[in-house]
Amino acid sequence: MRVITDPAVLAGYLSDASNTHGHADGLLRPGDVTEVAEIVRHCQDNGIPLTVTAARTSTTGGPVPEGGWLLSLEKLCAIESIGEKRARAQAGVLLGELQTEIEATGRMFPPDPTSRNECTLGGAIACNASGARSFAYGSIRSWVVEVEAVLPTGEVVTADRSTPIPEGWTSPAWLQPKVKSATGYVPTDNLLDLLIGSEGTLGIVTAATLRLTTLPNEVFSVLAFFPSVEAGLECVESARFDEHARPRCIEWYDCHSLDLVRERVPDIPAGAVAAVWCEQETGDAEADMEVWFERLEASGALVDDTLFADDEPGLERLRAVRHAVPAGVNDIVTGNGMPKVGTDFAVPDEHLAEMMAAYDAVEIRHVLFGHVGDNHLHLNLLPADEAELAEAWAIWRNLYALALSFGGTLSAEHGVGKLKRRYLEQMVGGDTYAAFKLLKSQADPAWILGRGTLLDPDV
Ligand SMILES: Cc1cc2nc3c(=O)[nH]c(=O)nc-3n(C[C@H](O)[C@H](O)[C@H](O)COP(=O)(O)OP(=O)(O)OC[C@H]3O[C@@H](n4cnc5c(N)ncnc54)[C@H](O)[C@@H]3O)c2cc1C
């Protein structure tokens, strides 16, 4: 197999959405799982670090190599089958493309990272990706029933939840926080769950079988505006604990997000300082909307300014508001020429308001939005120069310590990658960190796969 070394080709694979840059000696683009296994065996035998690169939408430097070779699964992009209960596809397929094909058959694969039209199925499984709908449907872990994978020694395996962890690997036993989390190796006895979320460090996912559900007939969407953060949070509390009219996603926009949206989308009221966007699957839209009007009135929303949508173009318009925020953030980052510093913490329900207050108190330029239903907000700190970048990381560290003191997690969905690996031990503790390293050494004796992702090889 040809190792591509042309610097012009390699250059396209050396960074990710976090703007982290790396270096590599070669790139391989295998055409099937047998070739993937051959490459892995060669790298293991020769101690060559091998980083899986997919669509590079990672925000944590995971697919960015720190030397060695890159492995791209871009040729493994077939949708193999779509049935009533299951679909099977290769890892390199774009998640959004796969979902569109599935939805054309009246079925649904729910995980919906905002990046779903750009990211791959394999990347999403490797990171245990979530998205807005994870509030109702959970992360991608809940929807993967089997993977085909190549282990770090080159063995090809098919793993489902009855497949034990290979002999000689020790499952790390630790207490995960009781919040949405994509941090570290999960404590499990089955190989499938261990591989999901292992960020390409314990195996390369080459194909997956997915569980499908019914595509709902009716969905409506609400974008409600609030004159205060307190009013918005009251609405969130009422929506997320409602047993009858519980939305499938509850998303938050702070006042800075709304400023970004205003530049791109009309109809954002001047008096709004926060907004909540929900989508709800319904069997009785009229009754459920009635519940919404009562909820909005009770929480003090700007009821007359609320946007409702119950058809596909309307739903898409409100989703476009959601997409306008990261797009606006990216424009600022590009304009500043500085990286952003982002949080991905989730905290238990009872600490949401305190965490929000801490985010709001931040003094350097920032934008706060995200999955408030899961107590999982993305605070984007947008430094304008090197001094502010240092300040942003100091703020990030304080907020991280606060999230941990509340029983929260380092990463709820983006993973640890390379940018946050130095903070993993602080969350899981020294013994668990050592257990992660032991497992990595047992599974991958030469530490070739995703070297430097999740775990620091030198610490
Ligand atoms: C604008 C934007 C919005 C986003 N929104 C969300 C969101 O809502 N929810 C969310 O969870 N994430 C989100 N993300 C983060 C990112 O999209 C996801 O983590 C995604 O799952 C990464 O997929 P990818 O194909 O781009 O993988 P990459 O970024 O290329 O790789 C990610 C990691 O997975 C490993 N990897 C990739 N493919 C495989 C494979 N087949 N086998 C083993 N390891 C592999 C890589 O080595 C790397 O460590 C967002 C990112 C952006 C830029």
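Helix H4 contributes the largest share of the shell around the ligand, four residues. The structure is a predicted model, and the shell is described here first, followed by the domains and two elements of domain 3.

In total, 37 residues surround the ligand, and the closest of these are Ser58, Gly62, Gly122, Gly123 and Gly200. Three elements, strand E2 (50-53), helix H4 (121-126) and strand E9 (204-211), each supply at least two residues of the shell. By residue class, the shell around the ligand comprises 16 nonpolar, 17 polar and four charged residues. Both domain 1 (7-72) and domain 2 (79-214) give residues to this shell, so the ligand shell lies between the two domains.

The domain assignment of the chain places domain 1 at residues 7-72, domain 2 at 79-214 and domain 3 at 219-405. Between domain 2 and domain 3, the C-alpha centres are 27 Å apart. Eleven residues from domain 2 and 15 residues from domain 3 take part in the contact. On the side of domain 2 that touches domain 3, five residues are nonpolar, three are polar and three are charged.

Strand E12 spans residues 249-254. Six of its six residues are buried, so E12 is largely enclosed by the rest of the structure. Cys249, Glu251 and Tyr253 point one way from the strand, whereas Ile250, Trp252 and Asp254 point the other way. The buried residues of E12 thus include the charged side chains Glu251 and Asp254.

E12 pairs with two strands. With strand E13 (residues 274-281), the pairing is antiparallel and runs over six bridges; within E13, Glu279 is the bridge partner of Cys249. With strand E16 (residues 366-371), E12 also pairs in the antiparallel sense, over two bridges. Here Trp252 of E12 has Gly370 of E16 as its bridge partner.

Strand E16 also takes part in the surroundings of helix H11. In H11 (residues 352-360), the buried residues are Leu352, Met355, Met356 and Tyr359. Viewed down the helix axis, these residues fall within an arc of 100°, so they line one face of H11. An α-helix has 3.6 residues a turn, so residues three or four places apart point the same way. The cover over the buried residues of H11 includes helix H7 (229-240), strand E16, strand E17 (376-381) and helix H12 (386-405).

Technical notes:
Residues are numbered from 1 along each chain as its sequence is written. This is a predicted model: local features need pLDDT of at least 70, side-chain atom pairs count only at pLDDT 80 or more; totals for chains, interfaces and linings use all residues. Domain bounds come from an automatic or database domain assignment. Two residues are in contact if their C-beta atoms, placed from the backbone, lie within 7 Å. A residue is near a molecule or strand if its C-beta atom, placed from the backbone, lies within 6 Å of it. A residue is buried if 20 or more other C-beta atoms lie within 10 Å of its own, exposed if 12 or fewer, and partly exposed in between; C-beta atoms are placed from the backbone. Two strands pair if DSSP finds at least two bridges between them. The arc is that of the directions from the helix axis to the C-beta atoms.
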